[in-house]
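Colleague: I would like to learn how to read the features of a model like this one. Could you take me through them in turn?

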Amino acid sequence: MSRISSLSRTYVFDMLIVLLLAAAMLEVLVGRNSPDAPQSSLWFVLPAIAILVIPVLARRRFAFAPAGHWVLAIGIAFVDWRLIPFAISIFVVGLIAAFLLGNLRDSLQAALGLAFVIAGPLVVVYRIPGHSAAQMVFIPLEFAIAWLAGFAVRERSEQAEAAEARAAIAERERDAAARIAVAEERARIARELHDIVAHAVSVMVLQVGAVRHKLPDELAEDRDALTGVEQTGRMALGEMRLLLGAMRADGEEPELTPQPGLESLDLLLEKVGNAGLPVRLHVEGEPFPVPRAIDLSAYRIVQEGLTNALKHARATSADVTLGYRPEELRLEVRDDGIGTTTGDDLGHGLVGVRERVKIYGGEMTAGSANGSGFVLSTRLPLGGHRR
């Protein structure tokens with residue numbers, strides 16, 4: 001059934017042409033005794049009607065084929081001028097042929113088709129004895145209007161296709177930009193995490209070295225084991241430095257300052273306030289030290305939220321809320337700006353926040369607040385441990 005339905009949709013236009021062919025033949029057969037009926041024998045009239053329809057049916061293989069309808073119409077008019085004016089269905093087929101010629105994608109072929117659409121009816125009407133000037137003008141004009149309708153449909157179709165192509169290109173560019181933003185943010189997060197891990201390994205190596213130096217001589221075997229641990233740690237540090245160097249973009253200098261955390265929020269809020277956006281800090285629960293990586297990510301999330309509010313939301317004030325829970329850290333950045341925006345920078349910033357939250361199995365929501373403003377809310381699980 002689905003195949004039959006598909007075929008019927010594909011060939012519905014052709015079926016209409018065949019029905020018009022049958023109707024034209026029936027008109028001739030029923031009105032055979034009419035004074036205006038064609039004078040030629042049915043052996044000529046019926047094949048002539050069929051031949052007039054064939055160019056329209058051949059349009060799938062030859063786009064310019066409908067022009068052949070008018071060439072054949074001119075030839076038939078010189079043999080029997082009554083045939084074409086007598087069958088109204090042939091008039092409809094002529095309108096369809098004119099429409100198809102106007103709908104051609106090739107502008108040159110469409111313009112040439114217009115010449116056929118005007119010249120064909122003009123010759124057919126001219127062959128009618130006693131034709132009037134109005135007939136010579138308005139009958140070709142009717143077919144020209146059908147051609148113009150086809151041309152307008154083609155123009156609208158091309159505009160729709162062009163708009164769809166532009167939308168597809170824009171979507172691909174947005175997807176590519178989003179993937180680049182994700183990759184850059186992941187690389188930045190990896191660099192920060194490697195920096196944190198490298199610092200932790202450095203501390204462990206120093207502690208192992210301090211313990212090794214304090215061991216007495218009778219524990220030489222233990223001291224040798226600690227020496228191996230210390231050497232392995234130093235080798236790991238060297239490899240991590242090489243990895244960090246490879247992860248940096250060309251020309252990017254290594255960061256020499258310590259990575260910020262929640263303890264640096266006051267300084268961040270002061271900088272944002274000096275830039276023109278007053279920020280109020282709210283703390284819920286009793287603050288406690290959190291894992292260093294989460295501490296850094298929490299700072300970056302708040303930083304991104306305030307940057308968006310400052311650059312894109314045209315906000316006049318913002319609120320930052322830290323919620324300390326036994327198993328999680330909640331963050332919320334709320335502003336009173338214009339709410340959701342379609343800016344690419346904002347979208348990419350939120351992509352970075354989402355990547356950070358996803359690393360720790362957390363949750364993130366972002367969108368317009370009730371009334372006005374924008375709210376960025378995240379939840380970072382602490383994994384059942386504190387620093």
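Colleague: Which strands pair with β2, and in what sense?

Modeller: The model is predicted, and in it strand β2 (residues 318–324) pairs with strand β3 (residues 328–335) in the antiparallel sense, over seven bridges. Three residues separate β2 from β3, and the two form a hairpin. For one facing pair, look at V320, which stands opposite V333 in β3.

Colleague: Which strand is joined to β3 by eight bridges?

Modeller: That is β5 (residues 374–381), and β3 and β5 run antiparallel. Here E332 stands opposite S377 in β5. As a general idea, side chains in a regular strand alternate between the two faces of the sheet.

Colleague: Which residues are linked in a network of salt bridges?

Modeller: They are E328, R330, E363 and R379. E328 and R330 fall within the range given for β3, residues 328–335, and R379 falls within that of β5, residues 374–381.

Colleague: How many salt bridges does the structure hold?

Modeller: Eleven. The general idea is to look at the N to O distance, then at where the two residues sit. One of the salt bridges joins the side chains of E161 and R105, at 2.9 Å from N to O. E161 lies in helix α8, while R105 is in the loop between α6 (88–102) and α7 (107–126), so the pair ties together parts that are 56 residues apart in sequence.

Colleague: Are E161 and R105 buried, exposed or in between?

Modeller: Buried means under 20% relative accessible area and exposed means over 50%. E161 has 39%, so it counts as partly exposed. R105 has 46%, so it is partly exposed as well.

Colleague: What is the N to O distance in the salt bridge of E155 and R154?

Modeller: It is 2.8 Å. The two residues fall in separate classes of burial: E155 is partly exposed, with a relative accessible area of 27%, whereas R154 is buried, at 3%.

Colleague: Where do R292 and D295 sit with respect to each other?

Modeller: They are three residues apart in helix α11, which means a separation of about one helical turn. Their side chains meet in a salt bridge, 3.3 Å from N to O. R292 is partly exposed at 24% relative accessible area, and D295 counts as buried at 4%.

Colleague: What span should helix α11 have, and what span does it have?

Modeller: The general idea is to compare the distance between the end C-alpha atoms with the span expected at 1.5 Å a residue. Helix α11 (residues 292–311) has 20 residues and should span 28 Å; its end C-alpha atoms are 28 Å apart, so the two values agree. As for its surroundings, 14 of the 20 residues are buried, so α11 is largely enclosed by the rest of the structure.

Colleague: How far does α4 reach, and which of its residues are buried?

Modeller: Helix α4 (residues 67–79) has 13 residues and reaches 19 Å from its first C-alpha to its last, close to the 18 Å expected. Its buried residues are A67, H69, W70, A73, I76 and A77.

Colleague: Which residues does A24 touch, leaving out its close neighbours in sequence?

Modeller: Not counting residues up to four places away, A24 touches I49, A87, S89 and I90. A24 lies in helix α2 (residues 12–30) and is buried, with a relative accessible area of 2%. A24 and A87 are 63 residues apart along the chain, yet their C-alpha atoms are separated by 5.5 Å.

Colleague: What share of the contacts joins residues 24 or more positions apart?

Modeller: Among contacts with a separation of 6 or more, 73%. The chain has twelve helices and five strands, and buried residues make up 37% of its 387 residues.

Colleague: Which residues form the nonpolar patch on the surface?

Modeller: V137, F138, L141 and I145, with about 380 Å² of accessible area together. L141 is in helix α8 (residues 133–214) and is partly exposed, with a relative accessible area of 40%. For the chain as a whole, about 22,200 Å² is exposed, and carbon and sulfur atoms supply 61% of it.

Note on methods: Residues numbered from 1 in each chain as written. Predicted model: local features only at pLDDT ≥ 70, side-chain atom pairs only at ≥ 80, totals over all residues. Heavy atoms only, no water. Helix = DSSP H or I, 4+ residues; strand = E, 2+ residues; numbered from the N terminus. Expected span 1.5 Å × (residues − 1). Buried < 20%, exposed > 50% of the residue type's maximum accessible area, 1.4 Å probe, protein only. Contact = heavy atoms within 4.5 Å. Areas by Shrake-Rupley, 256 points an atom, 1.4 Å probe, with all protein chains shown as cover. Pairing = 2+ DSSP bridges. Patch = residues over 30% accessible without salt bridge, like charges linked within 9 Å, V, L, I, M, F, W, Y side chains within 5 Å. Salt bridge = Lys/Arg side-chain N within 4 Å of Asp/Glu carboxyl O.
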